[in-house]
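Here is an informal walk through one protein model, meant for someone meeting it for the first time. Have a look at the picture, then read on.

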Amino acid sequence: MLTETIHTQLAQVVSREAVSADAPTVDGRRPAFAVTPRSVEELAAAVAELAAAATPTILVGGGTMLELGMPPSAADAALRTTGLNAITEYQPADLILTAEAGVTLAVLQQALREHGQMLPLEVPRPQQATVGGALAANAHGPLRYAFGTGKDLVMGMRFVQGDGTVVKSGGEVVKNVAGFGLHKLQVGALGTLGVIATVTFKVFPAPKADETVVFACADASAAFDLAYAVRAHHPAAAVILNEPAQARVLGETRGSHVLLARFMGAQRAVARQVRAASAAAAGVGAAAGEADLAAGGALWQKCVDLGWEAAAPPVLFKASAVPSELRHVYADLMRSAETSDGTVGVVADPLSGSLRCGVWPPAEHECALDARQSPLAQLVPLLQRARTISQEHGGSLEVQRGSVSLKTAVDVWGPHPQGLAVMRNLKRTYDPGHILNPGRFVGDM
């Protein structure tokens with residue numbers, strides 16, 4: 001609860017205007033207040049005060065993925081990182097950029113574009129999504145196949161432990177490999193091990209050519225066959241869309257399934273890759289249609305956004321498998337979905353071995369107070385079956401969006417990992433008061 005003591009203490013370390021009642025509701029819990037520090041020093045001091053008062057705190061960046069994770073076990077305060085919104089260092093010649101956690105991905109990418117560079121980190125709704133939030137959620141898109149995830153792109157970081165201690169990890173030069181990679185623990189930890197303050201990225205020259213080819217396929221089997229054939233021609237990314245996903249990404253349906261293949265690099269090399277991929281498509285009876293640069297970029301962003309739209313959010317889950325086995329997970333999922341109510345849209349990434357599945361409620365439920373609850377009785381067995389088949393093929397399943405009822409019925413993270421004891425020890429070390437996003441991560445951490 002917000003007390004005069006906490007308010008007074010916070011006002012001494014941040015401006016009084018930085019403490020407000022503007023706190024978001026997360027899975028039915030609304031914190032009593034929000035604090036928005038304006039510097040790393042203020043952030044550390046605010047966390048120290050919250051820890052001293054044993055105040056359970058929800059961490060908030062751009063708010064684009066707040067539904068990720070289990071419902072919080074407690075939430076008396078919200079800590080916003082949007083006040084940390086500066087790019088503090090950028091050395092284009094060295095391919096290094098350091099940004100505060102509250103910088104949006106759109107602002108960061110624009111700064112890079114001005115120097116012909118890019119950060120290949122694709123996140124939902126980049127106009128709102130922040131650097132810290134994206135890394136805490138381990139958000140990424142199909143370009144992970146060519147460039148890796150956030151853990152591969154982050155060179156160094158400053159973060160604030162749950163007691164207010166500022167920790168610096170990693171380096172600020174590409175070849176620096178000294179020390180332990182403590183910053184990598186923060187990527188995907190959902191803010192439960194600390195509050196990301198600043199991040200140093202390695203960035204890349206923007207490609208001279210960036211071409212997307214849309215292949216219309218007769219069925220899912222042909223789409224997967226083509227994806228594995230196209231892999232030999234070195235695409236930067238490739239995804240398969242079923243019909244409902246096509247309608248949301250392409251605005252039309254071009255076939256039972258489509259494969260989007262993206263080629264990035266030198267002009268001549270990309271042209272050669274596109275020709276070779278088109279020849280491979282002809283071999284399986286797929287029709288190819290090219291998208292221009294602007295349209296191609298928009299298509300990939302829509303693929304990343306699918307299921308994370310701000311309005312009328314569906315149930316969303318992500319399943320994984322050994323890449324060569326993903327087709328079996330997809331086929332089983334589609335068979336199970338035939339008995340489900342609503343529309344099931346899938347973006348499958350056969351090169352990285354993952355798929356995202358959005359379940360939109362039937363039209364008659366779209367205006368319900370919580371539309372995602374209506375097909376609950378059908379969704380639970382669907383998710384359980386999808387989780388089982390993913391595990392059988394070397395993967396896992398994570399529920400990313402859904403009602404509190406659904407999250408209660410199906411643990412969003414799945415069975416506890418073998419390393420849970422180690423994870424809990426890390427939680428005690430980095431957040432001794434258990435105040436940061438309590439209950440939201442694996443094993444109620």
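Strands here are DSSP runs of E with at least two residues, numbered from the N terminus. Strand 11 is one of these, covering residues 204–205, and P205 sits in it. Keep in mind that this whole model is predicted.

**A proline on the outside**

Is P205 buried or exposed? P205 has a relative accessible area of 52%, and the cut-off for exposed is over 50%, so P205 counts as exposed. P205 still has company: leaving out residues up to four places away in sequence, it touches L95, G116, Q117 and M118. There is also H115, which is 90 residues from P205 along the chain, yet their C-alpha atoms are separated by 8.6 Å.

**The open spaces**

Now for the pockets and the cavity. The table puts their volumes and linings side by side.

| Space | Volume | Lining residues | Lining by class |
|---|---|---|---|
| Largest pocket | about 1100 Å³ | 46 residues | 26 nonpolar, twelve polar, eight charged |
| Second largest pocket | about 760 Å³ | 27 residues | 17 nonpolar, five polar, five charged |
| Largest cavity | about 380 Å³ | 28 residues | 15 nonpolar, twelve polar, one charged |

Start with the largest pocket, which has a volume of about 1100 Å³. The lining residues closest to its centre are A137, N138, H140, K318 and E398. Several elements give two or more residues to that lining: helix 7 (182–186), strand 16 (315–320), strand 17 (343–349), strand 18 (354–360), strand 19 (397–401) and helix 15 (420–430).

Which residues lie nearest the centre of the second largest pocket? They are Q109, R113, D210, R262 and G297. The elements giving two or more residues to this lining are helix 3 (105–113), strand 7 (117–118), strand 12 (209–217), strand 14 (257–265) and helix 11 (293–305). Helix 11 supplies the largest share, with six residues.

How many cavities of 30 Å³ or more are there? The count comes to one. L59, G61, G132, G133 and A136 are the lining residues nearest the centre of this cavity. Strand 3 (57–60), helix 4 (131–136) and strand 10 (195–202) each supply at least two residues of the lining, and helix 4 gives the largest share, four residues.

**Cysteines without partners**

How many disulfides does the structure hold? The number is zero. Take C303: the closest cysteine sulfur belongs to C217 and is 14 Å from the sulfur of C303, which is too far for a bond. A disulfide would need the two sulfur atoms to be within 2.5 Å. C303 is also buried, at 1% relative accessibility. C357 is in no disulfide either, and the nearest cysteine sulfur, that of C303, is 14 Å away. With a relative accessible area of 0%, C357 is buried too.

**Checking a helix with a ruler**

Helix 2 (residues 40–52) lets you try a little arithmetic. Its 13 residues, at 1.5 Å a residue, should span 18 Å, because the rule multiplies 1.5 Å by one less than the number of residues. The C-alpha atoms at the two ends are 18 Å apart, so the expected span and the model agree.

Which residues of helix 2 are buried? They are V40, E42, L43, A44, A46, V47 and L50. An α-helix has 3.6 residues a turn, so residues three or four places apart point the same way. You can hold that idea against the buried list as you turn the picture: V40, L43, V47 and L50 are among the names on it.

**A few unusual backbone angles**

Most residues other than glycine have a negative phi. A54 goes the other way: just after helix 2, it takes a positive phi of about 50°.

R125 has a positive phi of about 50° as well, although it is not a glycine. Where is R125? You'll find R125 in the loop between strand 7 and helix 4, and at 21% relative accessibility it counts as partly exposed.

D444 is another residue other than glycine with a positive phi, near 65°. D444 lies in the segment after helix 15, and its relative accessibility of 58% makes D444 exposed.

Methods: Residues numbered from 1 in each chain as written. Predicted model: local features only at pLDDT ≥ 70, side-chain atom pairs only at ≥ 80, totals over all residues. Heavy atoms only, no water. 1 Å grid on protein atoms, 1.4 Å probe; cavity = no way out; pocket = protein on both sides within 12 Å on 5 of 7 lines; lining within 4 Å. Points joined across faces, edges and corners; volume = space filled by probe spheres on them. Nonpolar A, V, L, I, M, F, W, Y, C, P; charged D, E, K, R; others polar. Buried < 20%, exposed > 50% of the residue type's maximum accessible area, 1.4 Å probe, protein only. Contact = heavy atoms within 4.5 Å.
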